[in-house]
Amino acid sequence: MLLIRADYIFLRGTVTFQWLLVLRIGLTGLSVWAGAVAWRTSDPDRFDQWSFLWAMACALANNMIILSRPATYTGHVIIELFIIIALYAVQPGLGYRRILPPLFLSLSSLYLYFTVKVAMGYVASLSTVSAYIGANTIGWLVAANWFRYRRESFFANETLEKLYRQAEAGRLAAEVSERAWERIIDTSPDMLFVIDKQHCITRVNHTFAERLGINRREALGRRCCDLLCGFASLPEFCLLHKILRNRQPHTIEARFLPLGIDSRIMAAPLFDQFGDHEATVFIIEDITEQKHSEQKLKSTQEQYRSLVQNSHGIIYTIRPDGVITYASPSYTKLVGYDPTFIVGKQFQDVVHPDDIQACEAFQREILESGESRSRIEYRIFHRDGSLRWHLSIFTPCRDEEGRIHSFVGNAIDITELKHSQFELGAACKVAEKANNTKSEFLAMISHEIRTPLNAMVGFSALACQTTDVAMLKEYVNILDRSSRLLMDLVNNILDMSKAEAGQLHLDPIPFSLLDAIDLLQWQYVPVANQKKIKFTVVKEQDLPIWINGDPLRFRQIVSNLLSNAMKFTETGQVVLSISAPKSHSQDEGCLIRLEIQDTGIGIEEANLTLMFQPFLQLNPGTTRKYGGSGLGLAIVQGLVDLMKGHIEVTSQVGRGSCFTVELPFFPATPPQHKEITGLNAESLEILVVEDNAFNRRLLRDTLRTWGHEITEAESAMQALELLDVSRYDCVILDIRMPDVDGVELTRRLRQLERLSNLEPTPIIAYTADMEGTTTEQCLAAGMQAVLFKPLDARLLALALDKHCRPTVGGQKPASPQSLPSLGLADRTQADMEHDPQRIRAYLQLLREDIESELNRLDQAIILEDRILFKEAAHSLKGLCGYLQGRRPGDLALKLHESASTLSFCKLHDLAKQLRSVSPWCGPDA
């Protein structure tokens, strides 16, 4: 405004004034605009641009104002010097924009000074130029320092703002990092907490708060000893003392009392920048399951260790190169060496050389194929020098890449099994051979059976057709010899089967040794005469006359040996020698030695050990020529062993054989009995029970020749009907019959006789079954004697004479007094007038009723029905009143009275007693 006032004073009313006024107003507006932009801008470059524009405008405006002043006016020089310095100060840049405005102003002002203004002289001009130069120099120096301070001031706010932003970013990053670390530690399954120097908890994770059942705020700030241990201060055993003392992390395993778990506690101290203890981090890991797993693993390891140490087999490990790395303690038991003996050695060192190749191939195959094979058998050397068979089960062990790095084996001793297999193989061969031998025997025995059968069939037909008495007698003799030959063959087969089954028994009785030898001599003299050979019997003088033994088996031994001797002797002689080399007093046993020597074909020495085997023919050609079943010597051997004797044979081919038999006996006293002739002083009434018509005919004709009266029955049921109406002096019956056999028939007959109070009828049985158990069953059933087929007439006559006596009056219908009462009371029989038919009918009804009521008792006991039980007992009380004796009636009465009071267990016992005393329901019914 002052400048405008000055212009108005000097140039009032002129065009120049107007022009200057416009210029000054425009320069003022530009200055205001530039100042506003510079104030609002935060960009130093934009500020510099506007500053440069404003300075250039000021320099141009100054030159135009100088032109408007008079030529003699030089007062502007002083002002321009200050303006030059100011322009240097306000220009921030360091380049041309900094010096261009003041330099332009200086040069333009000097130009106008020397061209437009009045000349001032050399000194004045030089002073003016020097002043302008000094002003520019001063302005440059001022501008240099001012730029630095102005620039720093200009960026101070920006720097502060930047620092603030950096600090805020650091704070946010710290918060993010804090939250990230919180999430990390919260996801940890372990309990984590941090305590400061005052032992207060400053941080916990989510697991810590959750396991303790509290929230984080409740945990923060509390002392760890108070929250976790329940102490007011740290106890002496606290882990923190050790950490502070050693300044090192520590890990312990202990019981975490607040949760009652096994834990692993890991603690680490934290130090500040000066090395002072600042805080401690605790991590508590729950290792309860781990401890349980470790205990289970330890238990399993102990079990496996116990299994390995106590295993019957050898547990071992072996490398692929064949080196054994472990052997269990059972190695000592099975091989005899300590396990350390084999560890580190090759398996080839102990395996039998013949089995090494197979073992190597076995191992190589597993390595190549990668598959495990189940087992291998090999031999191994025992410490005692013997060979033992072992069976190994191999299992490969693989590493993480699937390669086999070792094998685990289990070896068991199978020596006994291998021996059994070898023996079984040998036994199979023997059995196969025996089977073939038996097949050959069956083919041969069929021939031996058919031969006498063919003679019997043929000559029986001829005997029926011939009328010549001499021829008929010859045919009958042939039939007799053929039948006896067939009977001997059948007996041999049966004896052999019994010997194999262990059912061959002896029946020792006193018998005459001399009579037995004489009988054998009488039997075989005709055979020797027929073959035109000499048969000699040599008896020692000092032989015992009576001995105790089985005469049948004794004769069977000697007969078989004599039969073989005469069969295989074509010429020469057969000698039977009998001696007693030892004492034969009553108190001491005696040994009877029999020697049968012949001059027959003889036996090869290699076959002497085979000749006593059954079903074996040493020479098929000899069998075809001489015949025979191959059983005789086997039966002889079995009988000799059964009598605890001894047999041996010596022989030379073509010169004959000698069999020596030694049998132990005890001397016996002669039995006292009369001579049996087959004829009793009185005739007997005998019932013959036999389902076979031919056997009935044989018994009937034999007994009738002895003067007995015979009644025949084809079955046991027919015999019971006959016995129901008649009494007999004796019953002779067969054991094996259809429907009801002889044993059952005997039981029923004895039961009827007991109920009728009758004397038992003598029963003599005969059977083809010679087993001891059959005889015992027959005698237990109530028989008096058991004879064997073929029936010996002399033994039958002896049994009849011993057990049977005729009844007075012979055979006649039964009288009322002799009828069986079958347990009926006398009053009941009198009411029926002793009518047999009425008694039998009533007995049948009474028996059915009593049986039915007894069954009702049992049913009531099962159903626990007392009403039904009482009804059945009431019925039985009346039915038992018809029986002889008071015992059944008393029991029935007691059952009726106790039906409502006694327990079913006691009622069952009473019912059993009633059933036992009932005539038809007891144990013998």
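Colleague: Which way does H21 pass H22, left-handed or right-handed?
Modeller: The crossing of H21 over H22 is right-handed, a term used when the near helix is turned clockwise from the far one by less than a right angle; anticlockwise would be left-handed. Helices here are DSSP runs of H or I with at least four residues, strands are E runs of at least two, and both are numbered from the N terminus. This is a predicted model, where local features need pLDDT of at least 70, side-chain atom pairs count only at pLDDT 80 or more, and totals for chains, interfaces and linings use all residues. Residues are numbered from 1 along each chain as its sequence is written, and side-chain values use heavy atoms, with hydrogens and water left out.

Colleague: At what angle do the axes of H21 and H22 cross?
Modeller: Roughly 20°, with the axes of H21 (residues 716-725) and H22 (residues 742-756) coming within 10 Å. Axes are lines fitted to C-alpha atoms, for helices over the stretch in contact, and angles run from 0 to 180 degrees between N-to-C directions. H21 and H22 are therefore roughly parallel; that label covers angles under 35 degrees, with over 145 roughly antiparallel, 65 to 115 roughly perpendicular and the rest oblique.

Colleague: Which residues make the contact?
Modeller: From H21, Ala 716, Met 717, Ala 719, Leu 720 and Leu 723; from H22, Leu 745, Arg 748 and Leu 749. Contact means heavy atoms within 4.5 Å. By class there are seven nonpolar residues, no polar ones and one charged. Nonpolar covers Ala, Val, Leu, Ile, Met, Phe, Trp, Tyr, Cys and Pro, charged covers Asp, Glu, Lys and Arg, and the others, Gly among them, are polar.

Colleague: And H16 with H17, how do they cross?
Modeller: At roughly 20°, with the axes of H16 (residues 513-531) and H17 (residues 551-567) coming within 11 Å. That makes H16 roughly parallel to H17. The contact includes Leu 520 and Tyr 524 of H16 and Val 558 and Leu 562 of H17. Its classes are 12 nonpolar, three polar and three charged residues.

Colleague: Switching to sheets. What is the strand order in the open one with five strands?
Modeller: E2-E1-E5-E4-E3, with antiparallel pairing; two strands pair if DSSP finds at least two bridges between them. E2 (201-204) and E3 (250-256) are at the edges with a single partner strand each, so one side of each has no neighbour in the sheet. Neighbouring strands are turned by 25° against each other on average, direction ignored.

Colleague: What packs on that sheet?
Modeller: Helix H11 (residues 288-310), which touches E3, E4 (261-271) and E5, and whose direction makes about 125° with that of E4.

Colleague: How many residues lie between E9 and E10 in their hairpin?
Modeller: Five, and Gly 402 in the turn has a positive phi of about 85°. E9 (residues 387-398) pairs with E10 in the antiparallel sense over nine bridges, and Ile 393 has Asn 410 of E10 as its bridge partner. E10 (residues 404-413) also pairs antiparallel with E6 (residues 314-318), over five bridges, where Ile 318 stands opposite Phe 407.

Colleague: His 352, buried or exposed?
Modeller: Its relative accessibility is 13%, so His 352 counts as buried. Buried means under 20% relative accessible area, exposed over 50%, and partly exposed in between, with a 1.4 Å probe and protein chains only. His 352 lies in the loop between H12 (330-335) and H13 (353-369). Leaving aside neighbours within four places in sequence, His 352 contacts Arg 379, Phe 381 and Leu 387.
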